[in-house]
Amino acid sequence: MTETKTPETTPSPTSATRSSQVTVGKPENPQSVFVGMALDMSWRLAVAVLVPIIGGFELDSHLGTTPLLTVIGFLVAIAGVVIVMRQTVRTANQMPVAKVAPTKSKQEKQS
């Protein structure tokens, strides 16, 4: 019977003992994170609203079922808005809270 030896390795930066998220460079500014999330949410909301409503309207015009598919598209758009908002809030709640140092008042600065 032969014995196999495993070489000893140094732990990698992504090993299980460290956090699963590695930040490279300086931490992001909270305002830039907010703007990024707002832009992401805005295009997702636009798609969630426009595609079902326009699709329903176009299908109505081709099939001759005038208000039916547009109304169904509107209801699908409402559901899409709810889903996008819930996902955005869930993502925002998972973000680490930025620690802000308290600022000194004018009276503390003068003394």
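A helix, in this tour, is a run of at least four residues that DSSP assigns as H or I, and helices are numbered from the N terminus. With that term in hand, select Thr-88, which is placed in helix α2. The model on the screen is a predicted one.

**The whole chain**

Display the entire protein chain before going further. It contains three helices and zero strands. Read from the N terminus on, its elements follow the order α-α-α. Now switch on the surface: the chain exposes about 10100 Å², and carbon and sulfur atoms supply 65% of that area. Which share of the 111 residues is buried? Buried residues account for 10% of them. Consider also the contacts between residues at least 6 apart in sequence: of these, 63% join residues at least 24 apart.

**The pair of helices**

Next, select residues 30-63, which form helix α1, together with residues 66-94, which form helix α2. Two packed helices are described by the angle between their axes and the distance between the axes. In this model, the axes of α1 and α2 come within 8 Å and cross at roughly 165°. An angle over 145 degrees counts as roughly antiparallel, and α1 and α2 are therefore roughly antiparallel to each other. Their crossing is right-handed. If the residues in the contact of α1 with α2 are coloured by class, 20 nonpolar, eight polar and two charged residues appear.

**Stop one: Thr-88 and Asp-40**

Return to Thr-88 in helix α2. Is this residue buried or exposed? Buried means under 20% relative accessible area; Thr-88 has 13% relative accessibility and so counts as buried. Leaving aside residues up to four places away in sequence, Thr-88 touches Met-37, Met-41 and Arg-44. Show the side chains of these residues to view the contacts.

Then add Asp-40, which is found in helix α1. Asp-40 and Thr-88 are 48 residues apart in sequence, while their C-alpha atoms are 8.8 Å apart in space. Asp-40 has a relative accessible area of 31% and is therefore partly exposed.

**Stop two: Ala-46 and Val-81**

Move to Ala-46, another selection to make in helix α1. With 34% relative accessibility, Ala-46 counts as partly exposed. How far apart in space are Ala-46 and Val-81, C-alpha to C-alpha? The distance is 9.0 Å, although 35 residues separate Ala-46 and Val-81 in sequence.

**Stop three: Leu-69 and Leu-59**

Select Leu-69, which lies in helix α2. Its relative accessibility is 23%, so Leu-69 counts as partly exposed. Which residues does Leu-69 touch, not counting those up to four places away in sequence? They are Gly-56, Leu-59, Asp-60 and Leu-63. Draw a distance between the C-alpha atoms of Leu-69 and Leu-59: these residues are 10 apart along the chain, and the separation is 6.9 Å.

**Stop four: Pro-67 and Phe-57**

Finally, select Pro-67, also placed in helix α2. Residues count as exposed over 50% relative accessible area; Pro-67, with 55%, is therefore exposed. Add Phe-57 to the selection. Pro-67 and Phe-57 are 10 residues apart in sequence, and 7.9 Å lies between their C-alpha atoms.

To close the tour, show α1 and α2 together once more, with the right-handed crossing in view. Among the residues visited, Thr-88 is buried, Ala-46 is partly exposed, and Pro-67 is exposed.

How values were computed
Residues are numbered from 1 along each chain as its sequence is written. This is a predicted model: local features need pLDDT of at least 70, side-chain atom pairs count only at pLDDT 80 or more; totals for chains, interfaces and linings use all residues. Side-chain values use heavy atoms; hydrogens and water are left out. Axes are lines fitted to C-alpha atoms, for helices over the stretch in contact, and angles run from 0 to 180 degrees between N-to-C directions. Helices (H or I, at least four residues) and strands (E, at least two) are DSSP runs, numbered from the N terminus. Angles under 35 degrees count as roughly parallel, over 145 as roughly antiparallel, 65 to 115 as roughly perpendicular and the rest as oblique. A crossing is left-handed if the near helix is turned anticlockwise from the far one by less than a right angle, and right-handed if clockwise. Ala, Val, Leu, Ile, Met, Phe, Trp, Tyr, Cys and Pro count as nonpolar, Asp, Glu, Lys and Arg as charged, and the others, Gly among them, as polar. Buried means under 20% relative accessible area, exposed over 50%, partly exposed in between (1.4 Å probe, protein chains only). Contact means heavy atoms within 4.5 Å. Accessible areas come from the Shrake-Rupley method with a 1.4 Å probe; for residues, only the protein chains shown count as cover.
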